[in-house]
Amino acid sequence: MIKVMLIDDEPEIRKLLHKMVEKQDGYQVVSECGDFAGAVADFARYRPDVVFVDIDLNGEDGINCARVLTELNPKLKVIFATAHSEYMASAFEIYAFDYLVKPFNMKRLYRTLERIRSSMAESACRDSAQSKIPHPACAPKDSETPAGSETLGAAAQNGAQEKSDSQDRISRPVRYLGKLLIKGKEQTFLLDVDDILFIERVDGSSNIVTASGEQYKTSASLSDLEAKLDSDSFMRCHKSYIISLSRITRIEPYGRWTYVARFRDCELSALITAQKYEELKRLFL
């Protein structure tokens, strides 16, 4: 079931949205709020997947409210539902999934909900991939350990999926620029830089996904990792993602202002903002 929160200071609008959303199979409205504080409290309680939010919450800033919620969950689908069309650029800055202008076009809203349903199915695949190493869609062709993705010590071999110590350190020795070393309290990862597909920020950890299907979690921030990678080969394409430019096979629309990067022989994907998508196009022209 896809959980939805409605944030609007007009009860009539919340009632209308509630009815429209729950007409669609697989959707459930778990909370209705009319103000910023109530929205944050209910978000923590119900953990919705989708939020409809107005720009003006009785004088409070709906965009700032959405920004706070996306900080709590970067994968949150935010749909602005408002009478103010002039704030679309500001909504773009927080990667809104869509921007609906009142009075609502029913067909447009239903198309948005259908796109969300498709993207949530993909997210379920991604979550499954994070709970099992390697992911079937990205697994090596044989049972041998992939070259360049070796770990040091038995703990690293068996615990690649576990969250690393909070004091994880990242280094890339000058003599071995092809390697990325992630050193934690109990384990050390030694990764082949060329094997990295992308890095994503999930639940306070950075998850490094490799072409061989393995995933390595570290407490190091995306900014720390970005600083150790070549800007000619890797791009910070989203607040929650770094991608390998040489590993992308195609880019597809995702929502109204966001795109999805796909990789060869892998069902996993990474998000790209519209601004970074334009940068990518210029790079390959």
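Which residues line the second largest cavity? The close-ups below, all taken from a predicted model, end with that view.

**View 1. Helix H1, end to end.** Let's start with a simple check on helix H1, which covers residues 11-22. Its twelve residues, at 1.5 Å a residue, should span 16 Å, and the C-alpha atoms at the two ends are 16 Å apart, so the expected and modelled spans agree.

**View 2. The two sides of helix H1.** Look here for the residues that are tucked away: Ile 13, Arg 14, Leu 17, Met 20 and Val 21 of H1 are buried. Viewed down the axis of H1, these buried residues fall within an arc of 130 degrees, so they line one face of the helix. An α-helix has 3.6 residues a turn, so residues three or four places apart point the same way. Now turn to the other side of H1, where Glu 12, Lys 15 and Lys 19 are exposed.

**View 3. Strand S13 and its surroundings.** Strand S13 takes in residues 205-210, and six of its six residues are buried, so the rest of the structure largely encloses the strand. Both of its faces are covered. Ser 205, Asn 207 and Val 209 are buried on one side, while Ser 206, Ile 208 and Thr 210 are buried on the other.

**View 4. The hairpin of S12 and S13.** Strand S12 (residues 196-202) runs antiparallel to S13, and six bridges join the two. To find your bearings, pick out Phe 198, whose bridge partner in S13 is Val 209. The two strands form a hairpin with two residues between them. In that turn, Asp 203 has a positive phi of about 50 degrees.

**View 5. The hairpin of S13 and S14.** S13 also pairs with strand S14 (residues 215-218), again in the antiparallel sense, over four bridges. Val 209 is a handy landmark here too: its bridge partner in S14 is Gln 215. Four residues lie between the strands of this hairpin, and Gly 213 in the turn has a positive phi of about 95 degrees.

**View 6. The second largest cavity.** Rolling a probe the size of a water molecule over the atoms shows where empty space is left. The structure holds two cavities of 30 Å³ or more, and the second largest contains about 40 Å³ of space. Here is the reply to our opening question: the lining consists of Pro 74, Lys 75, Arg 201, His 238, Ser 240, Tyr 241 and Leu 271. By type, the lining residues divide into three nonpolar, two polar and two charged.

Key. Residues are numbered from 1 along each chain as its sequence is written. This is a predicted model: local features need pLDDT of at least 70, side-chain atom pairs count only at pLDDT 80 or more; totals for chains, interfaces and linings use all residues. Side-chain values use heavy atoms; hydrogens and water are left out. The expected span of a helix is 1.5 Å times one less than its number of residues. Buried means under 20% relative accessible area, exposed over 50%, partly exposed in between (1.4 Å probe, protein chains only). The arc is that of the directions from the helix axis to the C-beta atoms. Two strands pair if DSSP finds at least two bridges between them. On a 1 Å grid over the protein atoms alone, a cavity is a set of points where a 1.4 Å probe fits but cannot get out, and a pocket is an open set with protein on both sides within 12 Å along at least five of seven lines; lining residues have an atom within 4 Å of a point. Grid points are joined across faces, edges and corners, and a volume is the space filled by probe spheres set on the points. Ala, Val, Leu, Ile, Met, Phe, Trp, Tyr, Cys and Pro count as nonpolar, Asp, Glu, Lys and Arg as charged, and the others, Gly among them, as polar.
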